[in-house]
Amino acid sequence: MTIDTIKIFPPIGIARLGNSPNEFFIGPEIPGVHTPPSGGYKDSSCRIKRQAARFRVFGYEGGVPKQEITTANAEIKWTVELANTKADWKRFGGIKRPNLPPRNQNVSDRASLRITPGPRTLNGPNERSAFDTGKFLGVPVSLGEIQTDVDGRLLVLGGFGNSGSPHNTPLSGFANNDGWYDDVSDGPVTASVRVKGTNEWIQAASGWVICGAPKFAPAIENMITLYDTLLQVAVNKLGAVSLLPADPPSFTKDIYPLLIRAMNMKWVSELAAVMHSAFQSVIPPPGQPEDRIAIFKRLRNPDTDPHTQIDNQDMPKVWSDFYDVDPSNRLPITQALTNIQYDILHHWKDGLFNNDWNGTPVAETEITPEGLSRAALEACVGGPFYPGIETSFMTRDNYPFIEPFRLDLKDDSSTGNRLSPGDLTKQMAIPWQADFYDCRFDTGLQWWPAQRPEEVFTTSGGPYESWTRDIIDEEHGRQDMVQNWHKLGFVVQQNEEYLETERCE
């Protein structure tokens, strides 16, 4: 095997919390493929299985991927460092107020607020190590564990969804609850590889892992995914124009995925069912020009002033990054698609696309480096970031990337951009369940119904029912979510519909 470079994939992996002590499943690895785990997303005691992020290493020659490297052809040493530094970070106030005072201002021992168990290293296959030595104000908090399988691939499993307050401090808000912790985390993933027959250890291009909240509609994608957002970052900041869609765009590859995302929102939002009825008329393509124009006119132009709302440009119908926590200043500003997404649909509106439609596209079956990158990030929120679910707008706006989707871990003291474990989640709500409760339907706009459903179908044909019904009491909503999040149901495909399953009373 002749290689000159080794890289970890996915460059950003996504693990998700669950309270099942032993059962877990592997997160998406092929774009568009969301196969429920055997037995469902919960164990026999109705506890949520954790989603593991699986990492692999691939050998490259001249910038071209040659093959995956496993224990069959190399020794692989993995190192992961997870941390939760939310309680030591600034209070979240949105993109309008990025420099608020820190959380827990009255705690002088700032290190006691950071859950930092330190790095863990696995030196071969079938090994395991736990992140079980971190503490919050002296209280032990487990952030999960890492494992290697028989082929030397790495599995990262996050925490168990535990949140709490050592001093029983009441929850006072959706994002900034002093005296509270949760077991969300993130951090770098590195690997050293020695190919069999050689003596040289090669340091692989590093990755990162985010261990975040569960996704309760696993197969339904957000209109703006984290892949879309970071693709725009790659084009804007790294000049990665080779990643742009073909010109003209393909209906099957580029346009249909955006349309079906909008159409599938009806399974998790009654509002979407009303707003998206026109989409049925444009599939199969080309559809009537007036229908394409009518749909496109409703899209918010990403080049307009993000602080103002343009009349009748209110799609996607989700709140924007510029949401204001103050109700007196809370204008219904919607989040625009990325420029790349908007340009694709602009071509579609004008009929300037490759009509290559042969029916619903069949997903790929082969695991590839590019597919691993995309599959992980397409299951995540790419906006709005208020603060988000998996990560925040700082990942989009502030953090450096060495190549598309791969964060730069180098120490750059001149800019202060060196990333540390916990940086991708430190701006997030604490505890995450408080934000998960608050970010529900509000004055005609929504947040992330593909992650956190609004209304669901429990039987074929309806009617709609509230996703949180009978489990979350509005009077004690945040605390109820802390205690009962694992009882909520998952929305999964059943024939041609997506129905709620595995709900616990």
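1. Cys 504 is buried (under 20% relative accessible area; exposed is over 50%, partly exposed in between, 1.4 Å probe, protein chains only), with a value of 9%. Its partner Cys 46 is partly exposed at 22%. The two form a disulfide, S to S 1.6 Å, where the rule is a pair of cysteine sulfur atoms within 2.5 Å. The S-S torsion is about -85°, so the bridge is left-handed.

2. A word on the basis: this is a predicted model, with local features needing pLDDT of at least 70 and side-chain atom pairs pLDDT 80 or more, while totals for chains, interfaces and linings use all residues. Numbering runs from 1 along each chain as its sequence is written, and side-chain values use heavy atoms, leaving out hydrogens and water.

3. What about Cys 211? Its sulfur is 11 Å from the closest cysteine sulfur, in Cys 380, too far for a bond. Cys 439 is in a similar spot: 16 Å, again to Cys 380, and too far for a bond.

4. On to the core. The largest nonpolar one has 88 residues, and Ile 220 and Trp 348 have the most contacts inside it. Such a core is a set of buried Ala, Val, Leu, Ile, Met, Phe, Trp, Tyr and Cys residues joined through side-chain atoms within 4.5 Å. A second, separate core of 37 residues includes Leu 143 and Val 482.

5. Trp 348 touches, among others, Phe 251, Ile 255 and Phe 353, with contact meaning heavy atoms within 4.5 Å.

Key
Lists of a residue's contacts leave out its neighbours within four places in sequence.
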